Amino acid sequence: MLILGIESSCDETAASVVQDGTRVLSSIVSSQHDLHEEYAGVVPELASRAHVERILPVIRESLAEAGIGLGMIDAVAVGNRPGLIGSLLVGVSAARALAWSLGKPLVGIDHVHAHLYSGLLHGPDEPPKPEAIRFPALGLVVSGGHTSIYRLDSWTRVTRLGGTIDDAIGEAYDKAATILGLPYPGGPNLDRLASSPGANPAAFDLPISRLGPDSLDFSFSGLKTAVLYATRGVPGRREDHPPHVPLDDQGRTNLAASFQKAAADAVLLKLKRALVQFRNSDSLALLTGGGVTANSLLRSELQRFAREQRLDLRLPARQYTVDNAAMIAGLAFQFLQSGHNSTLDLQAAPTTAC
Ligand code: KG4
Ligand code: ZN
């Protein structure tokens, strides 16, 4: 089965053709980073206008790269929630029109749930991972907009166990990077600085938010503020405290590494707590996704954790960590297999389904 996936929830215009749920024949992502760079954040009106210009060329390119014509598509899938409403509307309108004109099923997909699926995707010449996912499974999404832990009883039954009460982890990465004077988008640049030779992750003692003893929620605003104070000094400093010394290059590198370590520790702490809710964690699937799963330290920490706890870790290949349409088309295959499809009046919605 060939599914055309469309994604336009934020600042990436993407289209992809996926065969039988996991084999990615094409995944085209047109990023708008250059458009938003001078504002150090996504400007919604600019994003939706750029989606309008790019959506059809991106869809055409995804079909051409997959080597197929529109007539060969079996279904059209689109990320219809959550996201910027103007951006979502562009992808949803295109998907509705295509499904109607082709007379093929339309599937609306929750973008955050699709991130949980991204670890199953593989290139056309790579073998799929042989074992099927066993449910219930544990899920983790760490992105620019979300930091959440899930229980999945099937691909269509997803329950959120906890999430951030303030900043998402990717947002904290981007803001910490801006404070450190790194270019937008900050996450990958901070990762690079933190991984540079000589970086000392123990140089700064930064806060890791625990919240209540059983809480699976996250908080990253304190960590972000600690980076701000370490860089610029604590406001209202008492006279008897030593004066703030501006950071030199080594200090900035150490602060980046300390931030990266604290952010990864916060995620692992909550994952460990979440395991308690799964009676037999042996070979429990841990489905991960979102832009921050591209982070070098978090990737190695997740792999170590999965080995220790004997989890069936599904970590996306780097090209499927950030927003893409292959994860939308892949998850849509599972929806269609279990008889879930949408009607042609599918609506865009700014909030996630759970
Ligand atoms: O999943 P995504 O593309 O968009 C959302 O759905 O939010 O995630 C984008 C986020 C950004 O905050 C970006 O800085 C972060 O993922 N990111 C990283 C890395 N690569 C991307 N954060 C830390 N380390 C990275 N290597
Ligand atoms: Zn995303």
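A salt bridge is a side-chain nitrogen of Lys or Arg within 4 Å of a carboxyl oxygen of Asp or Glu. Side chains of opposite charge can pair when their charged atoms come close. In this predicted model, a search of the whole structure turns up ten salt bridges. Take E45 and R49: their closest N and O atoms sit 2.9 Å apart, and the two residues form a salt bridge. Why are E45 and R49 separated by about one helical turn? Because they are four residues apart in helix α2, which covers residues 44-66.

Now for the overall layout. The domain assignment splits the protein into domain 1, made of 2-121 + 319-337, and domain 2, made of 137-315. The C-alpha centres of domain 1 and domain 2 are 27 Å apart. Where the two domains touch, 21 residues of domain 1 and 21 residues of domain 2 take part in the contact.

How much area do domain 1 and domain 2 bury between them? The size of an interface is often given as the accessible area lost when the parts come together. Here the figure is about 1700 Å², with 74% of it on carbon and sulfur atoms. On the domain 1 side, V112, L116 and T321 lose the most area to domain 2, and together they make up 35% of what that side buries. Charge pairing doesn't feature at this boundary: the number of salt bridges between domain 1 and domain 2 is zero. Polar contacts between the two domains do turn up, in two residue pairs.

Which helices supply the side of domain 1 that touches domain 2? Three that each give at least two residues are α1 (33-36), α4 (111-117) and α10 (326-337). The largest share, five residues, comes from α4. Sorted by class, this side of domain 1 has ten nonpolar, nine polar and two charged residues.

Next comes ligand 1. There are 19 residues around it, and those that come nearest are G144, G145, D174, D191 and G291. What about individual atoms? For G144, a polar backbone atom is 2.8 Å from an oxygen atom of ligand 1. The backbone of G170 also offers a polar atom, 3.2 Å from an oxygen atom of the ligand. With H111 it is the side chain that matters here: one of its polar atoms lies 3.3 Å from an oxygen atom of ligand 1.

A few spots in the backbone also deserve a look. R81 and P82 are joined by a cis peptide bond, with omega at about -20°. P82 belongs to the loop between β4 (75-81) and α3 (85-102). Another cis peptide bond runs from F135 to P136, this one with omega near 0°. P136 is in a loop too, between α4 and β6 (137-142). Finally, where does D20 lie? D20 is found in the loop between β2 (12-19) and β3 (23-31). Its phi is near 50°, a positive value in a residue other than glycine.

Key:
Residues numbered from 1 in each chain as written. Chains lettered and ligands numbered in written order. Predicted model: local features only at pLDDT ≥ 70, side-chain atom pairs only at ≥ 80, totals over all residues. Heavy atoms only, no water. Domains from an automatic or database assignment. Contact = heavy atoms within 4.5 Å. Buried area = accessible area lost by both parts, 1.4 Å probe. Polar contact = N/O pair within 3.5 Å; in protein donor to acceptor, adjacent residues only side chain to side chain. Nonpolar A, V, L, I, M, F, W, Y, C, P; charged D, E, K, R; others polar. Near = heavy atom within 4 Å.
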